[in-house]
Amino acid sequence: MKNLKNTILFITFLSPLFCFAQPTIVLISDGNVQTCDGILFDTGGQGGSGYQNNESFTLTICPDVPGDVITLVFNNFALSTTNTLPPPANNMDNITIYDGNSIAAPTMGTYTGNQLQGTIVSTTVFNTSGCLTLVFNSNSAGVGVFSATI
């Protein structure tokens, strides 16, 4: 019985020393974020119905620990591929990813439809900031959803 009391006291006093934090929820509209553990969502948020028409947001995600890098795992990526411009112009909903802390960084590509579904995106060895910058644009026709683990 004495051992049980000691164990309970030990757990009671030491449990505040351990971190049981929930991952940070990040929306594409948040602007600038520092985290290495989170979930990125479109503006519909967690459990929401997705993003809306005519959205335009830039999000820079940087690590909260110097020397770390940002990696995104796109668990859900289904953007509208409706084009509202006459060909050959194209304004489908899209995300452009930059390898750094601004849109001045090298581009890693522009993606639409389901092109990033199940894809892992991480900084390159040339990126000294460890950050990724995402630019999201939706047109006036068609909506979708996206999320990624950070």
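Select Asn54 to begin: this residue is exposed, with a relative accessible area of 57%, where exposed stands for over 50%, buried for under 20% and partly exposed for the range in between, using a 1.4 Å probe and protein chains only. The model in your viewer is predicted, so local features need pLDDT of at least 70 and side-chain atom pairs count only at pLDDT 80 or more, whereas totals for chains, interfaces and linings use all residues. Residues are numbered from 1 along each chain as its sequence is written, and side-chain values use heavy atoms, with hydrogens and water left out.

**Two backbone details in loops**

Stay with Asn54 and look at its backbone, which has a positive phi of about 60° although the residue is not a glycine. Asn54 sits in the loop between β3 (38–41) and β4; strands here are DSSP runs of E with at least two residues, helices are runs of H or I with at least four, and both are numbered from the N terminus. Next, select Pro87 and Pro88, which are joined by a cis peptide bond with omega at about 10°. Pro88 belongs to the loop between β5 and β6 (94–98). As background, most residues other than glycine have a negative phi, and most peptide bonds are trans.

**The whole chain**

Now zoom out and colour by secondary structure, which shows 1 helix and 10 strands, in the sequence pattern α-β-β-β-β-β-β-β-β-β-β. Of the 150 residues, 37% are buried, and the protein exposes about 8600 Å², of which carbon and sulfur atoms supply 59%; these areas come from the Shrake-Rupley method with a 1.4 Å probe, and for residues only the protein chains shown count as cover.

**The five-stranded sheet**

Select β2, β4, β9, β6 and β7, given here in the order in which these 5 strands form an open sheet with mixed pairing; two strands pair if DSSP finds at least two bridges between them. At the edges stand β2 (32–34) and β7 (107–111), each with a single partner strand, so one side of each is left without a neighbour in the sheet. From one strand to the next the twist averages 15°, with axes taken as lines fitted to C-alpha atoms (for helices over the stretch in contact) and angles running from 0 to 180 degrees between N-to-C directions. At the β2 edge, the pairing with strand β4 (residues 56–62) is parallel and has 3 bridges, and Gln34 has Cys62 in β4 as its bridge partner.

**Strand β5 and its partners**

Move to β5, which pairs with strand β8 (residues 120–122) in the antiparallel sense over 3 bridges, with Leu72 opposite Val121 in β8. Strand β5 is also joined to β10 by 5 bridges, and these two strands run antiparallel; here Phe74 is opposite Ala148 in β10. Keep Leu72 selected and show what surrounds it: leaving aside neighbours within four places in sequence, its contacts (heavy atoms within 4.5 Å) include Ile61, Val121, Leu134 and Ala148.

**The nonpolar core**

Show side chains for the largest nonpolar core, which has 23 residues, with Leu72, Phe74, Phe77, Ile95, Ile97, Leu134 and Phe146 having the most contacts inside it. Such a core is a set of buried Ala, Val, Leu, Ile, Met, Phe, Trp, Tyr and Cys residues joined through side-chain atoms within 4.5 Å. At least two residues of this core come from each of β4, β5, β6, β9 and β10.

**The aromatic cluster**

Finish with Tyr51, Phe74, Phe77, Phe136 and Phe146, which form one aromatic cluster. Rings of Phe, Tyr and Trp (its six-membered ring) pair if their centres lie within 6.5 Å, with planes under 30 degrees apart counted as stacked, over 60 as edge-to-face and the rest as tilted; by this rule there are 5 aromatic pairs. One of them, Phe77 with Phe146, is tilted, at 6.5 Å centre to centre and 50° between the planes. Phe77 lies in strand β5 (residues 71–78) and Phe146 in strand β10 (residues 145–149), so this pair ties together parts that are 69 residues apart in sequence. Another tilted pair joins Phe136 and Phe146, at 5.1 Å centre to centre and 55° between the planes. Because Phe136 lies in strand β9 (residues 132–137) and Phe146 in strand β10, that pair links parts that are 10 residues apart in sequence. Phe77 is buried at a relative accessible area of 1%, Phe146 is buried at 2%, and Phe136 is buried at 0%.
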